[in-house]
Amino acid sequence: MSHFSYQDGVLHADQVALDRIAEQFGTPTYVYSKSALLENFNSYAGACKGRDALVCYAMKANSNLAILDLLAREGAGFDIVSGGELLRVIAAGGDPSKVIFSGVGKTVDEMRLALDKGILCFNVESIPELHRLNEVAGQMGKKAPVSLRVNPNVDAKTHPYIATGLKANKFGVAFDDALDTYRTAASLPHLDVVGIDCHIGSQLLDDAPLLEALDKLIELIDTLHGEGIVLHHLDIGGGIGISYGEAGEAQPVPVGDYVARLYERIDAWRTERHGGKPIKLIFEPGRSIVGDTGVLLTTIEFLKPGQEKNFCVVDAAMNDLMRPALYQAWMDVKPVRPRSGEAHSYDVVGPVCESGDWLARDRALAVEPGDLLAVMQAGAYGFTMSSNYNTRGRAAEVIVDGDQVHLVRRRENPADLFALESTIR
Ligand code: LLP
């Protein structure tokens with residue numbers, strides 16, 4: 001169910017009119033729906049009910065403390081990629097023992113912090129990382145729980161910047177080297193080999209590549225088992241993609257169907273080849289948990305007719321929402337109060353001094369200066385990828401809970417932006 005709909009001619013987030021939010025908090029503002037968030041989380045958690053499974057929300061998609069707190073209270077674990085993200089989980093009341101730590105470049109300090117807090121597992125991506133982790137754990141008198149991120153060399157058929165499971169990507173240990181890497185891990189005294197993981201890419205609409213990756217991981221688990229390396233969990237990586245509302249786009253497979261298909265294969269393998277032994281399944285979804293729970297609310301500053309194109313200049317920009325500029329991503333743009341007048345074609349652009357600063361291109365809009373627009377499906381990789389380029393304070397963030405609105409991050413003001421700087425005079 002969409003939590004953003006027109007009611008009496010005004011776009012609402014659940015029961016709250018977006019123009020009311022703009023009036024109260026200004027624009028640009030990210031608006032999230034609490035009920036959408038919980039619904040999305042439960043599409044994974046519900047599909048795994050009664051199973052030994054953990055949904056580790058990939059918090060890089062949206063790491064606002066209020067979002068983390070809501071998910072933690074639903075029982076979520078977290079997939080982190082930095083020490084900073086771990087500190088956020090803890091600040092939000094999340095449980096470090098449900099945290100997995102991904103990423104190719106973990107520093108010594110980050111490893112120390114994660115070991116000190118007692119995370120569930122390090123998703124290790126290379127042999128040098130294994131040695132570093134072994135050394136750090138040894139110095140601390142601990143054993144580090146380790147999973148290897150194996151690169152199954154599966155084509156996820158997504159945007160090249162967000163495909164990660166091919167040989168040419170920087171991520172993971174090549175499938176052909178995985179066995180040797182596991183042997184190395186098992187030989188290191190301060191590591192405890194507990195799992196296997198992969199992540200082949202983001203915004204995957206079809207689950208076929210994910211199921212292919214699962215088959216390859218299972219094959220490896222069997223081989224490892226034969227060598228006495230017993231794994232307790234299998235982490236299938238990020239979640240299913242989402243619909244961005246573009247005409248003719250392929251639709252994502254429903255999460256429940258995807259999870260059911262994973263379990264079909266896992267159950268068959270466990271009974272036929274794994275002696276019925278249990279294995280915990282871990283998911284690291286990000287986009288499908290938060291993507292459609294949020295919109296970016298922005299005000300039209302000017303309409304600027306051009307010789308080849310008309311521009312609709314808004315107060316949000318690429319620094320607020322990078323996806324169009326970085327990936328040429330198509331994001332839906334809706335007027336908050338649609339007008340009946342004639343529509344014209346516009347590029348929706350921000351005030352940043354870059355030609356790449358656009359949010360949407362060639363959109364038919366009937367709009368006037370001062371109107372509000374909502375950039376839809378902006379809850380994932382929106383705020384978290386925002387920057388202060390052009391000394392623009394980052395947007396406010398609010399969460400709608402039924403008919404209530406909560407400010408969960410105030411708008412940054414210019415003084416915030418240079419508060420950490422000093423001159424050398
Ligand atoms: N696990 C790992 C190791 C990841 O690298 C990612 C995303 C995820 C899980 C979550 O994947 P998801 O469920 O969100 O597909 N900024 C890009 C997406 C980058 C994805 C990076 N890794 C975008 O805006 O499309």
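**Note on helix packing, the ligand site and backbone geometry**

1. Helices H5 and H6 lie oblique to each other. The model is a predicted one, and the angle behind this description is a crossing of roughly 55° between the axes of H5 (residues 108-117) and H6 (residues 127-139). An angle of that size is neither under 35 degrees, as roughly parallel would require, nor within the 65 to 115 range for roughly perpendicular, so the pair counts as oblique. The two axes come within 10 Å, and the crossing of H5 and H6 is right-handed.

2. The side of H5 that meets H6 is formed by Val108, Met111, Arg112 and Leu115. From H6, the residues in this contact are Glu129, Arg132, Leu133, Val136, Ala137 and Gln139. By character, the residues of the contact of H5 with H6 comprise 6 nonpolar, 1 polar and 3 charged.

3. H5 also packs with helix H4 (residues 83-91), at an angle of about 25° and with the axes 9 Å apart. Because this angle is under 35 degrees, H4 is roughly parallel to H5. The crossing in which H4 passes H5 is left-handed.

4. In the contact between H4 and H5, H4 contributes Gly83, Leu86, Leu87 and Ile90, while H5 contributes Glu110, Leu113, Ala114 and Lys117. These residues of the contact of H4 with H5 divide into 5 nonpolar, 1 polar and 2 charged.

5. H6, in turn, packs with helix H7 (residues 178-187) at an angle of about 10°, the axes being 10 Å apart. This makes H6 roughly parallel to H7. Ile127, Leu130 and His131 of H6 meet Thr181, Thr184 and Ala185 of H7. The contact of H6 with H7 has 3 nonpolar residues, 3 polar residues and no charged residues.

6. The ligand is surrounded by 19 residues. The closest of these are Ser202, Glu284, Arg323, Tyr327 and Tyr381.

7. Which atoms of the ligand do the polar side-chain atoms of arginine 323 and tyrosine 327 approach? For arginine 323, the partner is an oxygen atom of the ligand, 2.6 Å from a polar side-chain atom. For tyrosine 327, a polar side-chain atom lies 2.6 Å from a nitrogen atom of the ligand. Lysine 60 is also to be noted: an N or O atom in the side chain of lysine 60 is 3.4 Å from an oxygen atom of the ligand. The limit for a polar contact is 3.5 Å, so a pair of N or O atoms at 3.4 Å still counts as one.

8. Turning to the backbone, the peptide bond from threonine 27 to proline 28 is cis, and omega is near -5°. Where does proline 28 have its place? Proline 28 is in the loop between helix H1 (18-25) and strand S4 (29-33).

9. Aspartate 362 is not a glycine, yet its phi is positive, at about 50°. Aspartate 362 belongs to strand S18 (residues 358-365).

10. Glutamine 377, again a residue other than glycine, has a positive phi near 50°. Whereas aspartate 362 is found in a strand, glutamine 377 has its place in the loop between strand S19 (372-375) and strand S20 (396-401).

How values were computed: Residues numbered from 1 in each chain as written. Predicted model: local features only at pLDDT ≥ 70, side-chain atom pairs only at ≥ 80, totals over all residues. Heavy atoms only, no water. Axes fitted to C-alpha atoms, helices over the stretch in contact; angles between N-to-C directions. Helix = DSSP H or I, 4+ residues; strand = E, 2+ residues; numbered from the N terminus. Parallel < 35°, antiparallel > 145°, perpendicular 65-115°, else oblique. Left-handed = near helix turned anticlockwise from the far one by under 90°. Contact = heavy atoms within 4.5 Å. Nonpolar A, V, L, I, M, F, W, Y, C, P; charged D, E, K, R; others polar. Near = heavy atom within 4 Å. Polar contact = N/O pair within 3.5 Å; in protein donor to acceptor, adjacent residues only side chain to side chain.
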